[in-house]
Amino acid sequence: YITGYSDITCYTKNGLYANTYVVFVRYSLQIKNIATPAPGISILYVIRDDETADSMDTRDPKVWEENGVYYMILGSTYKHETGRVILYSSKDGENWSYLSQCRMKNYGYVIECPDMFEVDGQRIFTGCPVRCGDKIEYEAVSGYCIADFDTETGRLELEDNYSLIDYGGDFYAQQTNLDKDGRRVMIGWIRMPEAVTGMKSSKAA
């Protein structure tokens with residue numbers, strides 16, 4: 001497996017359209033138990049269009065397949081004022097096309113860790129609005145709401161207000177998947193507002 005990178009060099013050139021760029025990254029890979037570094041290159045296509053997505057705060061992609069089409073939902077912000085999610089679609093899971101977006105003024109200034117799925121025929125959206133005004137110990141929370149998503153047009157509508165998944169606030173960055181029995185399982189972080197102090201460490205006998 002790869003143990004490190006070295007000799008990293010980046011080159012950029014203008015893309016096909018305004019505010020787009022092609023980034024070439026050349027590097028050497030150090031692979032475990034192999035003395036000679038292996039050459040590597042990655043090519044990235046960068047789009048800077050704030051109407052489509054924020055170039056700094058667009059992240060946490062979740063991909064699912066539905067009726068032979070792959071969908072991707074990402075968390076983002078609009079002008080660092082309004083939380084939004086962005087949707088892409090793909091027929092093969094490799095080549096993606098922009099589909100739509102949904103901006104929600106009551107969902108903080110940015111939405112992290114978005115997810116969308118169905119439970120008993122009802123589509124559910126979950127996400128993590130940041131700086132949303134909820135009176136808990138954290139500025140970012142875990143929320144959910146009913147979603148209306150048209151897979152043909154890409155139109156997504158969310159309820160004006162979300163409900164908290166965890167009113168204590170410690171559960172965060174949740175994502176879901178189906179297990180082998182078809183059950184929807186949610187997994188997230190467990191965080192604390194501050195470290196526990198004054199406790200003695202113990203060792204198992």
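**Exercise 1. A pair of charged residues**

Does Glu118 count as buried, partly exposed or exposed, and which relative accessibility puts it there?

*Solution.* Before we start, a word on the model: it is predicted, so local features need pLDDT of at least 70, side-chain atom pairs count only at pLDDT 80 or more, and totals for chains, interfaces and linings use all residues. Residues are numbered from 1 along each chain as its sequence is written, and side-chain values use heavy atoms, with hydrogens and water left out.

Step 1. Take the scale: buried means under 20% relative accessible area, exposed means over 50%, and partly exposed lies in between (1.4 Å probe, protein chains only).

Step 2. Place the residue on that scale: Glu118 has 44% relative accessibility and counts as partly exposed.

Step 3. Look at its partner. Arg123 forms a salt bridge with Glu118, and their closest N and O atoms are 3.3 Å apart. A salt bridge here is a side-chain nitrogen of Lys or Arg within 4 Å of a carboxyl oxygen of Asp or Glu.

Step 4. Place the partner too: Arg123 is buried, at a relative accessible area of 9%.

**Exercise 2. A salt-bridge network**

Find out which residues are joined into one network by salt bridges that share partners.

*Solution.* Step 1. Begin with Asp57, which forms a salt bridge with Arg59; the closest N and O atoms are 2.7 Å apart.

Step 2. Add Glu112, which also forms a salt bridge with Arg59, with the closest N and O atoms 2.7 Å apart. Glu112 lies in strand β8 (residues 110-119) and Arg59 in strand β4 (residues 59-66), so this pair ties together parts that are 53 residues apart in sequence. Strands are DSSP runs of E with at least two residues, and helices are runs of H or I with at least four, numbered from the N terminus.

Step 3. Check the surroundings. Asp57 is buried, with a relative accessible area of 14%, and Glu112 is buried at 17%. Arg59 is partly exposed at 23%.

Step 4. Put it together: Asp57, Arg59 and Glu112 form one network through shared partners. By the salt-bridge rule, the count comes to eleven.

**Exercise 3. The β13-β14 hairpin**

Describe how β13 and β14 pair, then locate Met186.

*Solution.* Step 1. Strand β13 covers residues 171-178 and strand β14 covers residues 184-190; the two pair in the antiparallel sense over six bridges. Two strands count as paired if DSSP finds at least two bridges between them.

Step 2. Find a facing pair: Phe171 stands opposite Ile190 in β14.

Step 3. Follow the turn. The two strands form a hairpin with five residues between them, and Gly182 in the turn has a positive phi of about 80 degrees.

Step 4. Now place Met186, which is found in β14 and is partly exposed at 32% relative accessibility. Leaving out residues up to four places away in sequence, Met186 touches Thr126, Ile165, Phe171, Gln174, Gln175 and Thr176, where contact means heavy atoms within 4.5 Å. From Met186 to Gln175 is eleven residues in sequence and 5.6 Å in space, C-alpha to C-alpha.

**Exercise 4. Positive phi without glycine**

Where are Cys113 and Asp120 located, and is each buried or exposed?

*Solution.* Step 1. Cys113 is not a glycine, yet it has a positive phi of about 50 degrees. It lies in strand β8 and is buried at 12% relative accessibility.

Step 2. Asp120 is not a glycine either, and has a positive phi of about 55 degrees. Its place is the loop between β8 and β9 (122-130), and Asp120 is exposed, with a relative accessible area of 83%.

**Exercise 5. The whole chain**

Summarise the chain in terms of its secondary structure, box and burial.

*Solution.* Step 1. The secondary structure comes to zero helices and 14 strands.

Step 2. Along the principal axes, the C-alpha atoms fill a box of roughly 60 × 50 × 40 Å. For one distance inside that box, take Pro39 and Phe117, which are 78 residues apart in sequence and 41 Å apart in space, C-alpha to C-alpha. Pro39 is in strand β3 (residues 38-47) and is exposed at 73%.

Step 3. Of the 205 residues in the chain, 36% are buried. Among contacts with a separation of 6 or more, 39% come from residues 24 or more positions apart.
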